[in-house]
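Work through these short exercises with the model open beside you. Try each task before you read its solution.

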Amino acid sequence: MAWDLIFWVLCFFINIALLASSFYQLLSLSDLEADHLNPFEAATRINSIVLPEFLLQGFFCLSFLLTWHWFMFISTLPITVYHLMLYSNRKHLLDVTEIFRDLNTEKKYRFVKLAVYLLLFTVVLFRLLSASIFFFFAWKFEELDIRTSLFY
Amino acid sequence: MGTENPGRPSFPMRPSSTPFASAPPTVRPFSSSGPAAGPESSNFRPIPPGAPQTMAPFSAAGPSPPARFIDPSVPSPPITSVPPSGAPYQRFPTPPFPSSAQTPPNRAPPVGQPPFQPPTSQVSVPPPSFRPQTQVPPVAMGSPPQNANFPPSRMNVPQPPSDSLLSGPRPNFQPPFPGYPSKQPVVSQAPSSFPAHQGSFMPPPAPPSAFPSHQGSYGPPPVATNLGYQSRDQMQHPVSARPIGGVQSLTEDFSSLSVASMPGSMEPGLDYRALPRPLDGDVVPSSFLEMYPMNCDPRYLRLTTSAIPNSQSLVSRWHLPLGAVVCPLAEAPEGEEVPVINFASTGIIRCRRCRTYVNPYVTFTDAGRKWRCNICSLLNDVPGEYFANLDATGRRIDLDQRPELVKGSVEFVAPTEYMVRPPMPPLYFFLIDVSISAVRSGMIEVVAQTIRSCLDELPGFPRTQIGFITFDSTIHFYNMKSSLTQPQMMVVSDLDDIFVPLPDDLLVNLSESRNVVETFLDSLPSMFQDNVNVESAFGPALKAAFMVMSQLGGKLLIFQNSLPSLGVGRLKLRGDDLRAYGTDKEHILRLPEDPFYKQMAADLTKYQIGVNIYAFSDKYTDIASLGTLAKYTGGQVYYYPSFQSGIHGEKLRHELARDLTRETAWEAVMRIRCGKGIRFTSYHGNFMLRSTDLLALPAVDCDKAYAMQLSLEETLLTTQTVYFQVALLYTASCGERRIRVHTAAAPVVTDLGEMYRLADTGAIVSLFCRLAIEKTLTSKLEDARNSLQLRIVKALREYRNLHAVQHRLGARMIYPESLKFLCLYGLALSKSVPLKGGYADAQLDERCASGFTMMALPVKKLLKLLYPSLIRIDEYLLKPSGQADGFKNIMKRLPLVAESLDSRGLYIYDDGFHFVIWFGRMLSPDIAKNLLGPEFAAELSRVTLTEHDNEMSRRLMKILKNLRESDPSYYQLPCLTRQAKLMIYSSS
């Protein structure tokens, strides 16, 4: 029971970190577009957090697999695969020389990612709440065992 | 044989036709002549139809109809008189129909002919007819829009004769209309004329071989039935159609090609002589300039179409690129230099909101106290010192003293607000490979000598700075402090952690350290002559150079002779893999292998360093990676495969000298502004974008052009005119910060036809070229070629749709006069080095190098590269010396077809980068002996052309020199070739 709660808390923070990273990248791109940021700086900023984000996301996905949360695993898998694909094609970093040409696609890609993270966030939040409720009020529901009917 | 207008070729050729030929030029004459001809007229008429070519039908229709009706009756002597002027006729010795022949006024030829005729008589013939056609339509049509373009004289010509006739015929015209089809006689006559044609045809000077081809050209495709002579009925159709449509509906002038085989000829396909060929090189459409005389010269800014579409839907129907090609520093001929204006204390006058610079299109109001920005329509105050009263017409009274209010191109001296740091001095830094291959090829020696000889001419004396680094497996720095007598060499062999040993003395002021620099350059070749090091620590050396230069920026010239093999940025021999072609991995070969190069390029641009790459290797050097440095820093790539100083030395010497001494703009940025509702969305060329619309150009010069595409932001443009303003902010070599401003206006149109009419083939091809080359970086070569083709096809189909309804076009292809070379250039483009074929057709390095080069070429040079000139010179060389001054006369370009090459001739082929000197198999041995000396019988590929002590050789050298001087940006190395023993004749 305690492990479950700790796991969801962890997921919660990871998800927030992913959200923040996406949001920050998006913000940098918008700044670049509005000429508040020069391409060199924007590329450095974004590229510096791309890999950590990939790693974190990979860990996120993997942890669901290891804990047998199939639904969550499946829903995070597409992004992981996409990240892996980008990485293996060495396209994960922004190309500072062509940054303006790719600007729109990059923004779109990050928008989509942000939306997916948000969706995940709602699910994680829900699971976190339910986990904490079960943890703190488990004695009340012991006979009912709602969980099985809800999420398993 | 596809004849564009079957009629065209025929015109010129036939004697009888001559009248016709004449007719085509001026439509009117035609009709008039028809009557005059009488019986013959029948032949005559048919021709007109055919002759009118596609265009003609419409335009001609007016006149031609009369002819038919009138024909029989027509006895119009006046008509004949009208035509009289035909050189062409004379050419044809045998005019079957004497009377008709006389009639033939050869008006048309005068206009079109000059260019075409030069080549071969045969060749020439078709063209004349061709051009005339275009002209004709307007006349006949009397379409208002076109009128502007055409000289008034032409207009007049047709009318006088026609007037009476025309009026007559017209009335008849409509009524008879239905009757047309019935007119059989005409048809029969047509055939007769045909044979006659051939006969006449023969006479032309052209050799027998030419003959067959002629026929082909000449024969209008009866099969095609589009507009054969015989198919007169058909001809009539268009005519008939017209009345319905109404004459006025025909406001378009266009040309056409029909692709079909001629009845009598064996060879199918197109007649090569009938095809339009850009033998005049790049012709800038002038009508637009006349409309807006205050626009900047087209050498600075060219729009792909000078008519800006007013709505999204119109844009989507315009399948060609919509944009501009800008060459901000193009060399101006003597007397047309861009005026420099110093506002001094007033400050530069700019719009408050959109930052547009004051230009000829701003309007002054409120008694001269305010001015309205032409781009954003904001009312700005006129500063007190800039105030001047307005005269009665609302123009400033001091207009003649204000070049910025009269001229489209001006240069403002920028005050300190336009500087983020003091203007930098011109700075040249040399990074020279001294490994064994560089030594062996003799590259070091040539480079050192050239740099030394250019020291006096480097721009920016006395502020010019200079520095050197050489490298093999280690990096050698040179201390050239002025107090030294000899340069000191410092060797750094730690490639992983580069440091600069003497940060201050590696880059020195040239005038102070002149002696040390000269000593260094003198000793450089000997210093490394025994070097046997095969490694190349290119990446670390580049980093070192970057560290030395990062304080000031400047121009970095890299001389690289082998594949970088040590330290960061080392490259693999990924080579040209046959297996990669045709797969999804193909384009990766053309991209930089190591991200180091892109990162480095970005850093270099950031610190205002422009890189020029000189690559010399005979093996694979991964130009794709090296060139990236030049691409994003606004530089260029010079590639000398298998460099040998004995052979290529002169080329390197010239191009390096040009690179060092041409006027260069330092630490520049460029922006192009345009009116509300449109926006430039993509930029193509060698540069890096610093923000969405700001091009960073660390070092830019007159040989660089940039292209951009625009799109509509609003669905509907409400303004009548759109303005464009290119502003290049740069530091001149003299240390002054300047802004070069080019302003142009273009009308907004609602009609697709108008866009086609004002299209500029050169700019379109230039944009296509850049788009296609960019496409090769993300997909297969084949895809790049296909998408190019597809766009041209779409564009022409759209154009066809514009006209298909009102005119029956049959199987002919029609195209606007302004785009008559588009297909040709499109084809040339897909056969150009960066795009052609596959694995076996070009070395990967060569492909990449020429891709980088073509991305930066100005329009004129690009067109020359795509359609090189071919000149026959043996006659000139043989002429007695007294007439040697006729240099201009021999510079007649021939069409690039096998038929242009005569085995008794000597030809020069010049694409702006190379000369190919072609010796015909039957060329008199004397000429070869005189030109080549004792080696004349040897294998020509091993012979180098040198001047010999005889008149002929001197003349050849003079020709080559003149050709080179006509465009000094590259040096054309002559390559000699002899006609092969076996020549396979291919039908054109």
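**Exercise 1: A small sheet**

Trp371(B) faces Asn380(B), a residue of strand 9 of chain B. This is a predicted model, in which local features need pLDDT of at least 70, side-chain atom pairs count only at pLDDT 80 or more, and totals for chains, interfaces and linings use all residues. Residues are numbered from 1 along each chain as its sequence is written, chains are lettered from A and ligands numbered from 1 in the order in which they are written, and side-chain values use heavy atoms, with hydrogens and water left out.

Task: Find the strand order of the open sheet of 3 strands in chain B, and its edge strands.

Solution:
1. Apply the terms. Strands (E, at least two residues) and helices (H or I, at least four) are DSSP runs, numbered from the N terminus. Two strands pair if DSSP finds at least two bridges between them.
2. Strand 8 (residues 370–372) and strand 9 of chain B share 3 bridges, in the antiparallel sense.
3. The order is 7-8-9, with antiparallel pairing.
4. Strand 7 (363–365) and strand 9 (379–381) of chain B are the edges, as each pairs on one side only.
5. On average, neighbouring strands of this sheet are turned by 35° against each other, direction ignored. The axes are lines fitted to C-alpha atoms.

**Exercise 2: Cysteines**

Task: Explain why Cys351(B) forms no disulfide with Cys376(B).

Solution:
1. A disulfide is a pair of cysteine sulfur atoms within 2.5 Å.
2. The closest cysteine sulfur to that of Cys351(B) belongs to Cys376(B), at 3.4 Å, so it is too far for a bond.
3. Cys351(B) has 0% relative accessibility, so it counts as buried. Buried means under 20% relative accessible area, exposed over 50%, partly exposed in between (1.4 Å probe, protein chains only).
4. Cys702(B) is in no disulfide either: its nearest cysteine sulfur, in Cys327(B), is 7.3 Å away. At 10% relative accessibility, Cys702(B) also counts as buried.
5. Over all chains, the count is 0 disulfides.

**Exercise 3: A helix**

Task: Compare the reach of helix 32 (residues 781–804) of chain B with its expected span.

Solution:
1. The expected span is 1.5 Å times one less than the number of residues.
2. Helix 32 has 24 residues, and 34 Å is expected.
3. From first C-alpha to last, helix 32 reaches 34 Å, close to that value.
4. Its buried residues include Leu781(B), Arg785(B), Glu798(B) and His803(B).

Definitions and conventions:
Axes fitted to C-alpha atoms, helices over the stretch in contact; angles between N-to-C directions.
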